[in-house]
Amino acid sequence: MKLFLVLALVATSALASQRRYDGYQVFEVNPKNKVSLEVLTKLRNERSDVYDFWTDPRNINLPVDIMVPPAFASTFINLMRTFEVDYKVKIADVEAMIEAGRKDIAKPIIRKEPRISRAGTPRYSLNWESYSDLPAIEEFLAELSAAYPNLMTTTVVGQSYEGNNMNLVKISTGGTGKKAIFVDGGIHAREWISPAYVTWLIHELVENYAAHPQYVDNIDWYIMPVINPDGYRYTFAANGDRLWRKTRKPNPGSPCIGTDMNRNFGFHWDEGGSSDLPCGDTYNGGVAFSEIESQIVRDTILSVAPQTMVYLTVHSYGQYWLTPWGYTSDYPADYDQLYDLAVRAVDKLTALYGTQYTIGTSTNVLYVASGGSDDWAKGGAGIPYSYTVELRDTGRYGFELPATEILPNNAEMWEAFKVVAEDVMAM
């Protein structure tokens with residue numbers, strides 16, 4: 001198409017390294033027919049180096065959030081008009097939103113001696129009233145493991161491309177023959193609410209053990225709070241990018257960095273919904289498990305897969321509870337069981353504050369996305385119940401969810417996780 005040729009000619013590599021988002025806007029667009037949906041899908045697959053799809057084209061009459069650079073705003077609007085795609089500005093100035101959100105970032109750790117609580121033990125800095133960088137999360141894990149050695153252990157199961165620790169938390173009262181739940185967070189760097197929930201989950205299971213001992217006495221929990229540590233740290237770094245999504249390993253032969261870990265897992269890898277272009281936000285890595293981080297997650301899950309009944313990978317945003325498959329619109333043979341547990345979990349979640357979640361397979365609710373960790377956990381590792389949970393919100397703030405929503409988000413999601421835990425105990 002002529003308009004796509006124009007886009008290709010005016011794109012520049014400078015956009016890939018841009019850290020500020022002055023004048024960037026997020027448009028909500030709504031495809032009204034098959035042609036306009038195909039245009040958005042083509043734009044997603046071929047120009048994601050320019051247009052950042054915060055949500056993906058799914059179906060006719062379902063809105064899509066797209067961040068557009070100011071230099072491309074008029075081109076984008078003309079494209080939408082040409083193909084009769086409804087559009088409106090959802091976030092007028094992305095940089096202004098990011099700047100407003102900086103108040104929600106916890107201060108960096110610069111203490112020389114550990115802070116001591118009234119009980120005489122070190123006290124971590126996480127309070128889930130702000131978003132914390134990786135060093136604060138690691139401090140939290142170390143201090144909690146030291147304070148509760150009979151409940152929690154933290155193991156470094158590997159190191160990322162940039163040398164950051166890949167931490168695995170095990171929460172258990174010991175014994176053999178228990179079933180397990182595996183939870184991970186932070187696969188996409190900019191989704192800060194994900195590690196904020198997963199770390200709070202650790203806190204709830206360990207520090208509030210006495211309120212619900214059955215969930216730890218009868219289940220082994222394996223939790224990796226941040227499985228893309230390089231990308232996550234980069235979103236906090238002074239020379240970084242708040243909206244970075246991918247890993248941080250350079251791509252040979254390309255000026256662009258990083259792979260989308262959630263397109264890098266080796267179950268029906270590269271069968272749709274990912275990009276073969278290294279500059280694309282959904283770049284699949286060129287080969288399955290190209291990233292050291294996805295290799296470490298794979299090997300860690302496989303080491304406990306025989307006892308693991310449920311895999312939960314925590315993302316944002318959109319308020320979805322998704323089942324496999326992501327590579328096809330076909331349903332798993334046991335979809336009824338997957339759906340039943342999801343419905344009961346979401347019902348309890350919604351009962352707390354009224355927050356609505358949409359349930360279904362990744363492909364049928366959202367879009368084709370092959371190479372996802374949830375598909376691999378079920379189809380590759382053999383874990384019966386595998387889910388992707390997309391946390392708050394539905395797009396008003398997108399990835400800049402205010403810190404005031406962390407604790408309400410966590411409380412309602414805990415209600416859902418309790419349902420999952422109760423089912424695992426009965427399996």
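I looked up helix H13 (residues 406-426) and found that H13 lies across strand S7 (179-185), strand S8 (219-224), strand S9 (308-316), strand S10 and strand S12 (385-391), running at about 165° to S9. For my own reference, helices (H or I, at least four residues) and strands (E, at least two) are DSSP runs, numbered from the N terminus. Angles run from 0 to 180 degrees between N-to-C directions, and axes are lines fitted to C-alpha atoms, for helices over the stretch in contact.

I note that this is a predicted model, in which local features need pLDDT of at least 70 and side-chain atom pairs count only at pLDDT 80 or more, while totals for chains, interfaces and linings use all residues. Residues are numbered from 1 along each chain as its sequence is written, and side-chain values use heavy atoms, with hydrogens and water left out.

Next I followed the sheet, which is open, has eight strands in the order S5-S6-S8-S7-S9-S12-S10-S11, and shows mixed pairing (two strands pair if DSSP finds at least two bridges between them). Its edge strands are S5 (152-159) and S11 (358-361), each of which pairs on one side only. From one strand to the next, the twist averages 20°.

I also checked helix H5 (residues 134-147), which packs on the sheet by touching S5 and strand S6 (165-171), its direction making about 140° with that of S5; contact here means heavy atoms within 4.5 Å.

Then I turned to S9, where nine of the nine residues are buried (under 20% relative accessible area, with a 1.4 Å probe and protein chains only), so S9 is largely enclosed by the rest of the structure. S9 runs parallel to S7, joined by six bridges, and I found Ile-181 opposite Val-310 of S9. S9 also runs parallel to S12, with seven bridges between them, and the bridge partner of Tyr-311 in S12 is Ser-386.

Towards the S11 edge, I saw that S10 (residues 320-323) and S11 run parallel and are joined by four bridges, with Ile-359 in S11 as the bridge partner of Trp-321.

Last, I returned to H13 and its neighbour H10 (residues 335-353): their axes come within 8 Å and cross at roughly 145°. Residues making the contact include Leu-341, Arg-344 and Leu-352 of H10 and Pro-408, Met-413 and Val-420 of H13. I sorted the contact residues into eleven nonpolar (Ala, Val, Leu, Ile, Met, Phe, Trp, Tyr, Cys and Pro), five charged (Asp, Glu, Lys and Arg) and no polar (the others, Gly among them).

Conventions. Buried < 20%, exposed > 50% of the residue type's maximum accessible area, 1.4 Å probe, protein only.
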